[in-house]
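Trainee: Could we go through this structure together? I would like to start with one helix and its packing.

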Amino acid sequence: MASKALAAESPAPLAQGSPEEPSRRRQWGLLATGAVGGVLVALYAVVTPFLVPALRKVCLPFVPATSAQIQNVLKMLQGRSGSLADIGSGDGRVVIAAAKMGFKAVGYELNPWLVWYSRYRAWRDGVHHNTKFYISDLWKVSFSHYTNVVIFGVPQMMPQLEKKLKEELESNARIIACRFPFPCWIPDHTTGEGIDTVWAYDLKSPRGSESKCLETTPAAES
């Protein structure tokens with residue numbers, strides 16, 4: 001009787017794990033791996049377009065134009081007509097502002113996210129019929145059919161861009177530089193102060209002229 005009582009009081013052997021438990025663990029592991037991989041891919045897709053320009057020989061970072069800069073650009077466009085190109089158009093604010101003035105305006109931007117956002121903004125503001133935005137490298141684009149060109153550049157790129165525009169633009173073109181002037185050309189008009197300064201250059205010499213600098217009238221405050 002005592003042995004039977006001890007046998008009754010002894011703990012039952014531990015039940016072995018369910019056969020389904022390893023399978024569930026594998027499923028959760030696959031889900032976690034997939035989630036982490038999806039996050040990394042999404043980060044790569046979003047961040048890469050902003051980092052790639054910084055790895056180029058001449059970096060043209062995205063710095064949104066201030067309202068004062070835009071107003072100064074529009075001031076330089078008063079009395080002008082024809083088509084307009086914005087080199088490094090960013091989020092499209094200059095192109096959209098020019099379109100509202102009646103220009104057929106085109107933006108060239110390397111970052112696809114900014115191009116898509118610019119198209120949305122143009123649609124939202126009701127000027128999508130007068131605007132176009134392209135994912136393009138400015139060095140691979142010809143600006144020969146534009147009569148107005150706006151550039152928010154950096155000092156490293158201005159000498160090379162000066163040469164490119166001189167070779168491509170017609171003699172009635174106006175080039176508007178923001179933040180940094182061209183190193184050789186003498187501006188026809190200047191407006192604004194500090195980082196909001198804008199320089200306007202009216203092309204006088206024929207396209208492809210061999211002269212080192214543009215022949216411009218003396219600088220005048222507009």
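Mentor: Certainly. This is a predicted model, and a good place to begin is α6, whose buried residues pack against β1 (83-87), β4 and β5.

Trainee: Which residues of α6 are buried?

Mentor: The buried residues in α6 are Met158, Leu161, Glu162, Lys164, Leu165, Lys166 and Glu168.

Trainee: And how many helices and strands does the chain have?

Mentor: The chain has six helices and eight strands. Along the sequence they follow the pattern α-α-α-β-α-β-α-β-β-α-β-β-β-β. Of the 222 residues, 40% are buried.

Trainee: What share of the contacts joins residues at least 24 apart?

Mentor: Taking contacts between residues at least 6 apart in sequence, 65% join residues at least 24 apart.

Trainee: Let us turn to the nonpolar core. How many residues are in the largest one, and which have the most contacts inside it?

Mentor: The largest nonpolar core has 25 residues, and Val73, Leu77, Leu84, Val150, Ile176 and Cys178 have the most contacts inside it. At least two residues each come from α3 (67-77), α4 (93-100), α5 (112-124), β4 (148-152), β5 (174-178) and β7 (198-202).

Trainee: Which element gives the most to this core?

Mentor: That is α4, with six residues.

Trainee: What does Leu77 touch?

Mentor: Setting aside residues up to four places away in sequence, Leu77 touches Leu84, Ala98, Met101, Phe103, Asn148 and Ile176. Another core, of 24 residues, lies apart from the largest one, and Tyr108, Leu138, Trp185 and Trp199 are among its members.

Trainee: A change of topic: where is Asp196 found?

Mentor: Asp196 is in the loop between β6 (189-191) and β7.

Trainee: How far away is the nearest side chain of opposite charge to Asp196?

Mentor: That side chain is Arg179, 7.0 Å away; Asp196 is buried yet has no salt bridge. The side chain of Asp196 does, however, make a polar contact of 2.8 Å with the side chain of Thr66.

Trainee: Apart from neighbours within four places in sequence, what else is Asp196 in contact with?

Mentor: Besides Thr66, the contacts of Asp196 on that basis are Ala68, Gln69, Asn72 and Thr191.

Trainee: Now His189. Why does it count as partly exposed?

Mentor: His189 has a relative accessible area of 23%, and partly exposed covers the range between under 20% for buried and over 50% for exposed, so His189 falls in the partly exposed class. This residue is in strand β6.

Trainee: What contact joins the side chains of His189 and Arg174?

Mentor: They are joined by a polar contact of 3.5 Å. In addition, the C-alpha atoms of His189 and Tyr201 are 7.1 Å apart, while the two residues are 12 residues apart in sequence.

Trainee: And Asn172, where does that one lie?

Mentor: Asn172 lies in the loop between α6 (158-168) and β5. With 46% relative accessibility, Asn172 counts as partly exposed. Not counting residues up to four places away in sequence, Asn172 touches Arg80, Thr147 and Leu203. The C-alpha atoms of Asn172 and Thr147 are separated by 6.6 Å, although the residues are 25 residues apart along the chain.

Trainee: Finally, what is the average pLDDT of the chain?

Mentor: The chain averages a pLDDT of 79, and 66% of the residues score at least 70. Over residues 39-56 the pLDDT is below 50, and this stretch has 17 contacts in the model beyond near neighbours in sequence. Residues 214-222 also stay under 50, with 27 contacts beyond four places in sequence.

Technical notes
Residues are numbered from 1 along each chain as its sequence is written. This is a predicted model: local features need pLDDT of at least 70, side-chain atom pairs count only at pLDDT 80 or more; totals for chains, interfaces and linings use all residues. Side-chain values use heavy atoms; hydrogens and water are left out. A nonpolar core is a set of buried Ala, Val, Leu, Ile, Met, Phe, Trp, Tyr and Cys residues joined through side-chain atoms within 4.5 Å. Buried means under 20% relative accessible area, exposed over 50%, partly exposed in between (1.4 Å probe, protein chains only). Helices (H or I, at least four residues) and strands (E, at least two) are DSSP runs, numbered from the N terminus. Contact means heavy atoms within 4.5 Å. Lys and Arg count as positive and Asp and Glu as negative; His and the chain ends are not counted. A salt bridge is a side-chain nitrogen of Lys or Arg within 4 Å of a carboxyl oxygen of Asp or Glu. A polar contact is a pair of N or O atoms within 3.5 Å; within protein, one must be able to donate a hydrogen and the other to accept it, and residues adjacent in sequence count only if both atoms are side-chain atoms. pLDDT is the predictor's confidence in each residue, from 0 to 100.
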